[in-house]
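Here are my notes on this one, jotted down as I went through it. Have the viewer open alongside and follow the points in order.

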Amino acid sequence: MKFVIVLAALFAVAMARPGDVEILKLESDVQPESYNFAVETSDGTSRVEDGKLKDVGTEHEAIVVHGSFSWVDKDGQKYTVNYVADENGFQPSGAHLPVA
């Protein structure tokens, strides 16, 4: 009898697990002084990013990154964050984010 209860509990846990997420799109290109990638999954999540070196060969050489990521909340609302990351730090923006 205990075996049946344990088996039923394991079955319930397995059925409650969210569905598997598949990668729908995956692209990338990495160069010596730049890169970019894009990924999109079946659950509505996506991310796009590109980075480039600036002032190459100087003591002020730095990478500048532009990108965005988005996801669908459990309520079905889509959220998107756009960002820049450079010598001034990480600078996100999005309709759902507070503005200073």
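1. Let me start with Thr41, which sits in strand β2. Keep in mind that we're looking at a predicted model. Buried or exposed, then, for Thr41? Its relative accessibility is 17%, and the cut-off for buried is under 20%, so Thr41 counts as buried. Setting aside neighbours within four places in sequence, Thr41 is in contact with Val21, Glu22, Ile23 and Leu24.

2. Now for strand β1, residues 23–30, and its burial. None of this strand makes the cut: the number buried is 0 of 8 residues, so β1 lies largely in the open.

3. How are β1 and β2 put together? The two strands pair in the antiparallel sense, with 7 bridges between β1 and β2 (residues 34–41). A hairpin of 3 residues makes the link from β1 to β2. If you want a register check, take Leu26: its bridge partner in β2 is Val39.

4. Zooming out to the whole chain: how many helices and strands are there? The protein chain has 1 helix and 6 strands. Read from the N terminus, the order of elements is α-β-β-β-β-β-β, with the helix ahead of the strands.

5. The sheet itself is easy to trace. It is an open one, built from 6 strands in the order β1-β2-β3-β4-β5-β6, and the pairing is antiparallel. At the edges are β1 and β6 (89–93), each of which pairs on one side only. On average, and ignoring direction, neighbouring strands of this sheet are turned by 10° against each other.

6. Further along the sheet, β3 and β4 run antiparallel and are joined by 9 bridges. For a register check on this pair, use Arg47, whose bridge partner in β4 is Phe69.

7. Ala62 is worth a stop. This residue lies in strand β4, and where does its accessibility put it, buried or exposed? At 19%, with buried meaning under 20%, Ala62 counts as buried. Not counting residues up to four places away in sequence, Ala62 touches Lys52, Leu53 and Lys54. There is also a separation to look at with Asp86: Ala62 and Asp86 are 24 residues apart in sequence, yet C-alpha to C-alpha they are 7.3 Å apart in space.

8. Leu53 turns up again on the surface. Together with Val56 and Ile63, Leu53 forms a nonpolar patch there, and the three have about 210 Å² of accessible area together. Val56 is found in the loop between β3 (46–54) and β4 (62–72). With 40% relative accessibility, Val56 counts as partly exposed, because that class runs between the 20% and 50% limits.

9. Last, some chain-wide numbers. Of the 100 residues in the protein chain, 13% are buried. The chain exposes about 7900 Å², and carbon and sulfur atoms supply 59% of that area. What share of contacts between residues at least 6 apart in sequence join residues at least 24 apart? The figure for the protein chain is 11%.

Technical notes. Residues are numbered from 1 along each chain as its sequence is written. This is a predicted model: local features need pLDDT of at least 70, side-chain atom pairs count only at pLDDT 80 or more; totals for chains, interfaces and linings use all residues. Side-chain values use heavy atoms; hydrogens and water are left out. Buried means under 20% relative accessible area, exposed over 50%, partly exposed in between (1.4 Å probe, protein chains only). Helices (H or I, at least four residues) and strands (E, at least two) are DSSP runs, numbered from the N terminus. Two strands pair if DSSP finds at least two bridges between them. Patches are made of residues with over 30% relative accessible area and no salt bridge: like charges are joined within 9 Å, nonpolar side chains (Val, Leu, Ile, Met, Phe, Trp, Tyr) within 5 Å. Accessible areas come from the Shrake-Rupley method with a 1.4 Å probe; for residues, only the protein chains shown count as cover. A salt bridge is a side-chain nitrogen of Lys or Arg within 4 Å of a carboxyl oxygen of Asp or Glu. Contact means heavy atoms within 4.5 Å. Axes are lines fitted to C-alpha atoms, for helices over the stretch in contact, and angles run from 0 to 180 degrees between N-to-C directions.
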